Protein chains: 2
Amino acid sequence: MEYYSNQIRLLVEQLASLPGIGGKTAQRLAFHIIDMPKERVEKLAETILKAKQTIRYCSQCLTLTDQELCPICSNPARDQKTIMVVENPRDMSAYEKTGKYEGVYHVLHGAISPMLGIGPSDIRLKELVHRLEKEVDEVIIATNSSLEGETTAMYISKLIKPTGIKVSRIASGVPVGGDLEYIDEVTLLRALEGRVEL
Amino acid sequence: MEYYSNQIRLLVEQLASLPGIGGKTAQRLAFHIIDMPKERVEKLAETILKAKQTIRYCSQCLTLTDQELCPICSNPARDQKTIMVVENPRDMSAYEKTGKYEGVYHVLHGAISPMLGIGPSDIRLKELVHRLEKEVDEVIIATNSSLEGETTAMYISKLIKPTGIKVSRIASGVPVGGDLEYIDEVTLLRALEGRVEL
């Protein structure tokens with residue numbers, strides 16, 4: 001990139017270091033940013049800084065938020081006695097988009113992975129157990145359907161069962177609109193095991 | 001996105017307004033930025049601001065640069081008498097990547113498009129004509145092979161021919177590695193017309 005001047009090269013490098021942004025996209029973004037009106041560029045830089053400065057973990061569910069409590073935990077209309085356990089804030093927002101879940105969440109910020117050396121104490125499990133000291137009706141485990149997600153689900157279920165609180169796991173199966181022909185065997189078997197009577 | 005707190009929502013919106021960044025990518029980027037070390041976030045914001053503040057047009061070829069003259073125009077090893085005309089700085093960097101072109105450039109910052117109401121005076125043609133007052137051996141027109149690019153090439157060639165300076169156009173044809181079967185007819189005809197004797 002020696003044909004670019006220094007400041008352009010720096011910007012392209014910074015952008016290319018973000019996940020999912022390749023060299024070409026970084027270049028296109030850099031030129032776009034340089035061409036944007038000065039006010040919009042300042043706004044962009046300021047928003048980035050401010051997000052980093054103000055965002056912290058919700059003191060209850062540990063999702064990212066700029067308040068003491070996130071908008072969901074502080075919403076009186078939400079059922080505080082149903083806790084859905086997810087791996088990260090994006091999984092939480094995926095369920096929020098359905099618009100149908102009325103409980104609250106608990107964000108683990110990871111999943112147990114013996115392969116990567118991530119154990120139960122490396123994710124936010126202690127905080128979950130602490131939350132169960134208050135009255136809780138049900139814990140819904142919505143970790144991913146991966147090896148790590150399943151391991152984590154198993155671990156949490158064993159941890160909670162002795163307390164007598166109801167523990168459930170979201171269903172695995174064929175995605176809606178999915179064509180059986182293209183679905184892997186493990187999913188097909190799960191869908192069979194999890195069949196419901198009509 | 002009302003389930004995100006304000007600062008996260010703002011950051012996602014700002015990122016999603018960039019070209020080629022959809023909602024999901026913006027979310028992933030936002031969470032990544034929030035998770036980055038403070039110093040790296042500050043560096044990113046600073047680089048964005050600094051790029052906007054310091055970058056301007058090269059006084060000779062009009063590419064974007066942070067100096068009076070861009071690295072190519074100020075390189076004494078480059079042939080200042082050969083000017084390649086391109087639509088934008090990215091096209092220039094595409095040719096620089098070949099590592100084989102030794103002349104300089106002229107960046108039009110657009111192409112003539114009657115459809116979009118962009119005329120010859122809306123792109124940096126006046127500056128090109130001005131450069132031809134110095135000694136120039138050849139002008140190579142490397143605008144895109146689109147309707148607008150071809151229109152612009154035609155216009156420039158008519159503009160320069162009376163001066164006696166050699167004007168050329170980069171070749172159109174089948175891309176290297178391209179399978180004839182999947183190439184459109186116009187390109188195939190161009191490749192035939194532009195055939196070279198072996």
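User: Which residues of helix H1 in chain B are buried?

Analyst: This is a predicted model. In helix H1 of chain B, residues 6–16, the buried ones are B:Gln7, B:Ile8, B:Leu11, B:Val12, B:Gln14 and B:Leu15. They sit on the same side of H1(B), because they cover an arc of only 165° around the axis.

User: What do those buried residues pack against?

Analyst: Elements from both chains. Chain A gives helix H3 (38–54) and strand E2 (64–65). Chain B gives its own helix H2 (23–35).

User: Switching to the pair. How are chain A and chain B related?

Analyst: As by a two-fold rotation axis. A turn of 180° with a shift of 0.0 Å along the axis lays chain A on chain B, with an RMSD of 0.1 Å. The same surface serves both copies: 100% of the contact residues of chain A recur in chain B.

User: Which residue of chain A comes closest to that axis?

Analyst: A:Ala45, with its C-alpha at 2.3 Å.

User: And the interface, how many residues are in contact?

Analyst: 51 residues of chain A touch 51 of chain B. The two chains bury about 5100 Å² between them. Carbon and sulfur atoms account for 71% of that area.

User: How many salt bridges and polar contacts?

Analyst: Zero salt bridges between the chains. There are 11 residue pairs in polar contact, both residues at pLDDT 80 or more.

User: Which elements of chain A supply its side of the interface?

Analyst: Helix H1 (6–16), helix H2 (23–35), H3, E2 and helix H4 (89–98) each supply at least two residues. H3(A) gives the largest share, 14 residues.

How values were computed: Residues numbered from 1 in each chain as written. Chains lettered and ligands numbered in written order. Predicted model: local features only at pLDDT ≥ 70, side-chain atom pairs only at ≥ 80, totals over all residues. Heavy atoms only, no water. Buried < 20%, exposed > 50% of the residue type's maximum accessible area, 1.4 Å probe, protein only. Helix = DSSP H or I, 4+ residues; strand = E, 2+ residues; numbered from the N terminus. Arc of directions from axis to C-beta. Contact = heavy atoms within 4.5 Å. Least-squares fit on C-alpha atoms with pLDDT ≥ 70 in both. Buried area = accessible area lost by both parts, 1.4 Å probe. Salt bridge = Lys/Arg side-chain N within 4 Å of Asp/Glu carboxyl O. Polar contact = N/O pair within 3.5 Å; in protein donor to acceptor, adjacent residues only side chain to side chain.
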